[in-house]
Amino acid sequence: MTTNGTGQSGGLLETHKRGKLGDWPVIIGWSAMLIFSFYTCTHMVAAGDTWVAMACGRHFTNHPVDTVEPFSANSHKAGPTAEEVANWPGWAQRITETLGLETVQKWHPTGWVNQNWLTHEIFYRMATTLGSEEEPCYNALIVWKFAIYILAVICIYHTARLLGVDPVLAAMASCFAMFIGRSFIDVRPAGFSNVLVAAFVLILALTSYRNALYIWLIVPLIVFWSNVHGGYLYAFIALTPFVVWHLMMRLPRRWVVVLYCILGWMVLYGLTYQFLGHMADMFQRYVPNQTAPVNVLKGDWAVIVLLFTVAGSLAAASYRQLSEGSLIGLHVTASVFIFVLLMLCYVGCKLPEDLNPLGEKLFKDAADSGLVAYLGMFTLMLVLGVVMTYMHGKA
């Protein structure tokens with residue numbers, strides 16, 4: 001240890017050696033995570049996906065990836081048929097007539113492409129490389145299973161650490177995650193989605209807490225993910241709120257309030273429109289002799305009200321003399337107004353008459369679930385709005 005000329009020791013040159021016991025929590029934590037990972041991988045779901053994967057992998061190894069893979073129920077020849085084209089919109093039919101049906105079939109395939117094809121080929125090649133085509137080495141698939149879930153627990157732990165979680169708590173949470181997921185873990189394509197979800201969340205955490213350039217890691221991840229399992233859709237679902245959140249947090253708070261409320265109103269409108277459409281479909285399917293409840297949102301009134309509300313919201317945000325507190329109060333009032341207005345569609349939804357008990361339960365459950373979803377979405381919208389406004393003020 002040296003002095004810095006002031007008689008005090010130079011802090012940058014000091015070293016603090018950890019005692020021998022200082023490493024024990026780390027060793028215990030990683031040992032526990034590995035033990036739970038191994039324990040998780042000992043469960044066998046005995047799903048048929050493993051054998052389907054081997055059969056499909058053999059097909060893709062000996063043939064190009066195609067739409068006529070013989071082991072999927074949805075496989076069929078690529079390209080729309082003339083009967084399908086006849087049901088297309090007029091402009092699409094004119095394009096087909098101009099280009100010719102064979103050209104459209106080539107560039108607009110509608111055949112099934114096995115979304116797990118790469119996992120299937122990986123499974124087959126691993127088993128036959130370490131074994132043979134006549135006697136595949138199935139233990140290779142078990143090694144794959146252990147490897148990906150060890151990677152998953154590593155990603156979970158480091159994500160928790162990036163979020164500022166204590167190392168001991170991060171290790172405990174990682175062990176708990178592996179234990180909870182044990183009954184869903186098997187040798188199947190979904191295994192890739194399980195580990196890639198953890199890797200995807202880790203990338204988002206690195207982007208938020210380390211460097212924005214880490215976001216580019218999702219490009220190769222999703223390219224790989226979209227070829228090994230259909231769960232890649234989760235990445236786009238999760239990326240949407242991530243991008244919206246970060247964009248809003250970089251705007252002035254008054255504009256955050258405006259854009260968030262407008263987005264919330266649109267979501268409530270879309271949810272209500274979907275509910276009324278679903279109820280109308282149920283009427284048509286089960287009680288065609290009765291008139292379905294009028295879908296009041298099909299008229300122009302709801303759209304006109306929303307447009308006027310949105311226009312008023314934008315005008316209020318542009319009016320600088322209006323204080324931020326008044327702006328927030330105005331949008332809370334407008335949100336409650338929209339909520340009550342659309343709520344009338346749920347409360348006034350008339351159920352069919354003269355139904356048997358099973359039919360009454362069917363329609364009542366549909367109406368109740370729609371109402372619960374609407375109330376839940378509005379509650380979530382309020383909670384997220386409060387959190388976003390508070391955190392934006394702290395930023």
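The lining of the largest cavity is nonpolar throughout by class: eight nonpolar residues, no polar ones and no charged ones. Keep in mind that this is a predicted model.

Who are those eight? The lining is made by Tyr269, Trp301, Ala302, Val305, Leu306, Ile338, Leu341 and Leu342. Two helices, H13 (301-318) and H14 (324-347), each bring at least two residues to the lining. H13 gives the most, with four residues. As for volume, the cavity comes to about 40 Å³, and the structure has one cavity of 30 Å³ or more.

Now for the outside. A nonpolar patch sits on the surface, built from Ile35, Phe36, Tyr39, Phe176, Phe179 and Ile180. The patch covers about 600 Å². Helix H1 (24-41) and helix H8 (167-180) are the elements that give two or more residues to this patch.

Here are the two features side by side:

| Feature | Value | Helices giving two or more residues |
|---|---|---|
| Largest cavity | volume of about 40 Å³ | H13 (301-318), H14 (324-347) |
| Nonpolar surface patch | about 600 Å² | H1 (24-41), H8 (167-180) |

One member of the patch is worth a look of its own. Phe36 is found in helix H1. Is Phe36 buried, partly exposed or exposed? Its relative accessibility is 30%, so Phe36 counts as partly exposed: that class lies between buried, under 20%, and exposed, over 50%.

Key:
Residues are numbered from 1 along each chain as its sequence is written. This is a predicted model: local features need pLDDT of at least 70, side-chain atom pairs count only at pLDDT 80 or more; totals for chains, interfaces and linings use all residues. Side-chain values use heavy atoms; hydrogens and water are left out. Patches are made of residues with over 30% relative accessible area and no salt bridge: like charges are joined within 9 Å, nonpolar side chains (Val, Leu, Ile, Met, Phe, Trp, Tyr) within 5 Å. Accessible areas come from the Shrake-Rupley method with a 1.4 Å probe; for residues, only the protein chains shown count as cover. A salt bridge is a side-chain nitrogen of Lys or Arg within 4 Å of a carboxyl oxygen of Asp or Glu. Buried means under 20% relative accessible area, exposed over 50%, partly exposed in between (1.4 Å probe, protein chains only). On a 1 Å grid over the protein atoms alone, a cavity is a set of points where a 1.4 Å probe fits but cannot get out, and a pocket is an open set with protein on both sides within 12 Å along at least five of seven lines; lining residues have an atom within 4 Å of a point. Grid points are joined across faces, edges and corners, and a volume is the space filled by probe spheres set on the points. Ala, Val, Leu, Ile, Met, Phe, Trp, Tyr, Cys and Pro count as nonpolar, Asp, Glu, Lys and Arg as charged, and the others, Gly among them, as polar.
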